[in-house]
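Here are my notes on the entry you sent round. They are numbered so that you can reply point by point.

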Amino acid sequence: PNPNSTQEIVRIEDDRTGLGIETLKRAFLDNLFYIQGKFPAIATLNDYYMALAYTVRDRLFKRWITTAETYGNQKARTVCYLSAEFLMGPHLGNNLINLGIYEQVKQAIEELGLNFEELLEQEEEPGLGNGGLGRLAACYLDSLATLEIPALGYGIRYEFGIFNQRIQDGWQVEITDKWLRYGNPWEVSRPEWAVEVKFGGHTESFTDEHGAYRVRWIPHKVVNGIPYDTPISGYSVNTCNTLRLWSAEAPETFDFDAFNAGDYSRAVQQKMASETISKVLYPNDNLTQGKILRLEQQFFFVSCSLQDMIRILERQGIPLEQFPEKFSIQLNDTHPSITVVELMRLLMDEHGMEWNKAWGITTRSLAYTNHTLLPEALERWPISLFGQLLPRHLEIIFEINRRFLDDVRLKFPDDWERLGRMSLIDESGERYVRMANLACVGSFAINGVAALHTELLKEGVLRDFYEMYPEKFNNKTNGVTPRRFMVLSNFRLANLISRKIGNNWVKHLEELHKLEDFVDDPDFRREFREIKQAIKQDLAVYIKRTTNIDVNPNSIFDIQSKRIHEYKRQHLNALHIVTLYNRIKANPDIDITPRTFLFGGKAAPGYYMAKLIIKLINSIGDVVNRDPDVRGRLKVVFLENYNVKFAQRVYPAADLSEQISTAGKEASGTGNMKFALNGALTIGTLDGANVEIREEVGAENFFLFGLTADEVYAKKVAGYNPMDYYYSNPELKLVIDRIASGFFSHGDANLFKPIVDNLLYGDPYMLLADYQAYVDCQEQVSQAYQDQDRWTRMSILNVARMGKFSSDRSIRDYCEGIWHVQSVPIKLEEYVQENA
Ligand code: GPQ
């Protein structure tokens with residue numbers, strides 16, 4: 001305070017809200033002392049990270065609490081985003097960006113003699129998701145908060161998230177993700193809002209006091225759901241929403257019978273079984289395994305979340321009838337689709353509502369997003385298993401189905417095959433509950449995640465439902481948040497852009513188009529190129545440190561990072577590498593544009609082919625990286641343990657983004673957007689959102705190759721024979737023969753036989769059909785890269801034209817087209833500054 005000032009200063013800038021450098025330093029040391037119980041001489045890096053995280057968290061709380069209060073007072077209409085996965089990535093850096101205090105905090109930390117980057121690195125990311133689907137949920141929470149939309153994310157607090165990946169001898173090894181080991185400063189548990197979830201047992205019918213037919217469910221076990229809340233800040237607004245994740249706990253009076261009978265170990269076992277529910281994330285991407293525990297997880301978090309919503313209604317004094325006016329529930333794929341049935345059960349059995357009223361409320365509240373066309377990802381549960389776990393829900397499903405099939409019969413008389421296809425129960429063999437059918441019947445809106453994907457849904461997997469309910473179908477093309485994937489992860493490029501066009505683009509990404517004015521400015525192009533170069537240099541240093549491989553920062557950084565999956569065709573990329581290698585072996589003096597092939601991604605632990613693809617890439621790398629004939633012109637690097645934290649390093653360093661899935665298989669893709677936004681050029685098929693990216697950036701700035709989705713389909717129908725390509729293309733034949741011969745596996749001709757056989761005797765993802773087009777297109781990439789100035793222009797135009805792919809645009813589309821929800825700005829009480 002200024003001692004000369006006569007004005008009375010109300011000092012609201014205290015140690016928990018103040019943003020001045022001195023206040024930040026004091027608060028940080030205070031947290032180190034009182035929360036970590038440490039003084040600097042004995043503090044570890046983690047202690048410093050925790051002290052900083054709490055310092056930032058304190059500054060979020062004012063916003064968080066005011067947001068909750070405002071929503072409560074205004075009884076705001078709220079979006080509930082239900083998702084089995086939220087792949088949030090590290091919180092600290094993102095919150096600093098959103099609060100607008102990144103620079104101040106960095107300075108404060110450095111003035112204390114600490115390394116700020118090192119502290120950010122210290123955060124163990126919550127890997128509560130597998131890939132695109134979970135990361136999309138996280139981007140959507142960021143945009144909801146930034147757009148000041150009242151929203152809750154609901155999911156599961158897995159004790160172990162996605163495994164950590166090590167590469168040993170070229171193979172993937174999985175290590176348990178103990179992300180909670182050192183505590184989680186970003187969550188607050190709310191045991192006072194715990195709810196009970198029932199499982200198993202049987203049902204009984206009875207007549208209530210009004211003479212109405214009712215059912216009661218006598219469960220075999222009850223599990224408690226404990227909510228853990230994480231604040232979700234918006235960018236440059238006061239809004240701070242909530243991610244509410246449920247953790248399973250055994251009730252205090254666990255298995256009393258067993259306990260009293262002296263069967264202590266059975267009682268303890270019951271307790272452990274209950275707590276197993278939220279133990280671990282299923283590590284499959286685009287695959288359903290039909291495990292009972294997975295269904296338990298889904299029902300667990302759905303039931304907890306719906307009970308929580310009903311509690312919120314009651315506290316705000318809103319009648320249950322107005323549930324659809326208060327909440328709009330989005331189902332992130334079919335994982336939470338049991339919502340359709342659980343909401344019916346809660347309304348009828350627990351709140352005495354009759355069927356028609358309950359069904360009206362349910363179907364006015366729910367909307368369903370489909371994220372895949374792959375048949376192996378469509379969830380279905382064997383009836384017997386389903387009925388054992390959720391006997392009451394099975395009864396309700398049968399009744400929904402009975403009424404639904406009556407509707408189908410009215411609309412399509414005598415179409416027995418259609419009835420069989422649309423039934424919620426698959427009766428073609430062993431009987432199954434079809435979760436996608438359930439989601440379609442129970443929702444008022446059904447959307448795909450890219451234009452092509454939505455069209456393919458309408459003519460393929462969901463065709464019958466489209467014909468039944470055309471008005472329900474709509475497209476919502478995915479998007480990504482420019483805060484995490486530009487401002488935070490690529491501050492050099494972000495700063496350059498802001499110097500040229502101001503910083504409005506961070507919230508209005510379409511404004512990036514203003515960069516087009518600078519594409520003819522040689523100084524701008526030079527700066528733009530220098531930034532990419534500096535980032536590549538940094539990644540080269542990182543690669544040297546972690547893998548001991550030297551990579552040339554002047555080579556093309558050609559990157560494919562995403563889950564390892566046959567449909568994503570990392571092995572097509574591998575075929576291209578071997579092609580170039582063979583050309584060098586045949587002619588060591590050949591003129592070749594130097595390339596560094598970078599791969600990152602996890603394989604599901606039970607996915608044998610995907611793991612073998614990882615081994616193949618590493619084995620090719622072992623040979624190529626060492627062969628003196630190559631003279632360092634090609635390098636192949638598999639980057640271990642690809643996760644959000646690492647992805648943030650990878651996107652800014654890419655020259656070329658590999659988006660090479662078989663057309664018609666990738667619903668959207670979102671990595672494709674993050675790469676292009678950071679100035680990478682795309683080599684890709686006409687699949688998912690690639691189609692729209694190419695439309696936006698211009699065909700001349702996109703490397704397109706391969707069959708279209710229609711051509712893929714037609715070829716399948718006509719009888720695809722990969723051998724035709726093998727025998728008619730000598731270069732392709734040599735590539736496959738080299739892999740098959742054991743050349744890359746120390747002479748072991750068996751190791752990669754499963755891959756070779758899969759390609760030659762079936763090739764379900766049509767690599768051989770697309771091979772030549774891919775290799776030719778890669779040649780065009782190499783040519784284009786030779787002309788650095790042309791490349792830079794293309795790269796700038798990619799950045800400038802990616803505005804459509806902000807998740808803010810996606811969320812606005814959802815708000816207008818599905819949720820019908822408005823923003824609720826949050827006002828903070830005025831602060832009186834400590835002293836200007
Ligand atoms: N996706 Cl069904 C997943 O990441 N996991 C899944 O289990 C399913 C879909 C992806 C999909 O493969 C991508 O094409 C999308 O971009 C992404 O969801 C988000 O929509």
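1. Three salt bridges are counted between domain 1 and domain 2, that is, 3 for this pair of domains. Please keep in mind throughout that the model is a predicted one.

2. D169 and K615 form a salt bridge, with 4.0 Å between their closest N and O atoms. The cut-off for a salt bridge is 4 Å between a side-chain nitrogen of Lys or Arg and a carboxyl oxygen of Asp or Glu, so the distance given for D169 and K615 should be read against that limit.

3. Where do the domains run? Domain 1 is made of 75-90 + 125-475, and domain 2 of 489-721 + 775-805. Each domain is thus written as two stretches of the chain. Their contact takes 39 residues from domain 1 and 39 residues from domain 2. The C-alpha centres of the two domains are 36 Å apart.

4. How much area is buried between domain 1 and domain 2? The value is about 3,000 Å², and carbon and sulfur atoms give 58% of this. As for polar contacts, 18 residue pairs are found across the interface of domain 1 and domain 2, with both residues of a pair at pLDDT 80 or more.

5. The ligand should be discussed together with the domains. Its shell draws at least three residues from domain 1 and at least three from domain 2. There are 16 residues around the ligand, and those that come nearest are N286, H371, N478, E666 and G669. Sorted by class, the shell holds 8 polar, 5 nonpolar and 3 charged residues.

6. Which atoms of the protein lie 3.0 Å from an oxygen atom of the ligand? One is an N or O atom in the side chain of D285, and another is a polar backbone atom of S668. For A667, a polar backbone atom is 3.3 Å from an oxygen atom of the ligand. The ligand on its own has 450 Å² of accessible area, and the protein covers 96% of that.

7. For the text of the report, I would describe the ligand site and the domain interface side by side, given that the shell around the ligand takes residues from both domain 1 and domain 2.

Notes. Residues numbered from 1 in each chain as written. Predicted model: local features only at pLDDT ≥ 70, side-chain atom pairs only at ≥ 80, totals over all residues. Heavy atoms only, no water. Near = heavy atom within 4 Å. Polar contact = N/O pair within 3.5 Å; in protein donor to acceptor, adjacent residues only side chain to side chain. Areas by Shrake-Rupley, 256 points an atom, 1.4 Å probe, with all protein chains shown as cover. Nonpolar A, V, L, I, M, F, W, Y, C, P; charged D, E, K, R; others polar. Domains from an automatic or database assignment. Contact = heavy atoms within 4.5 Å. Buried area = accessible area lost by both parts, 1.4 Å probe.
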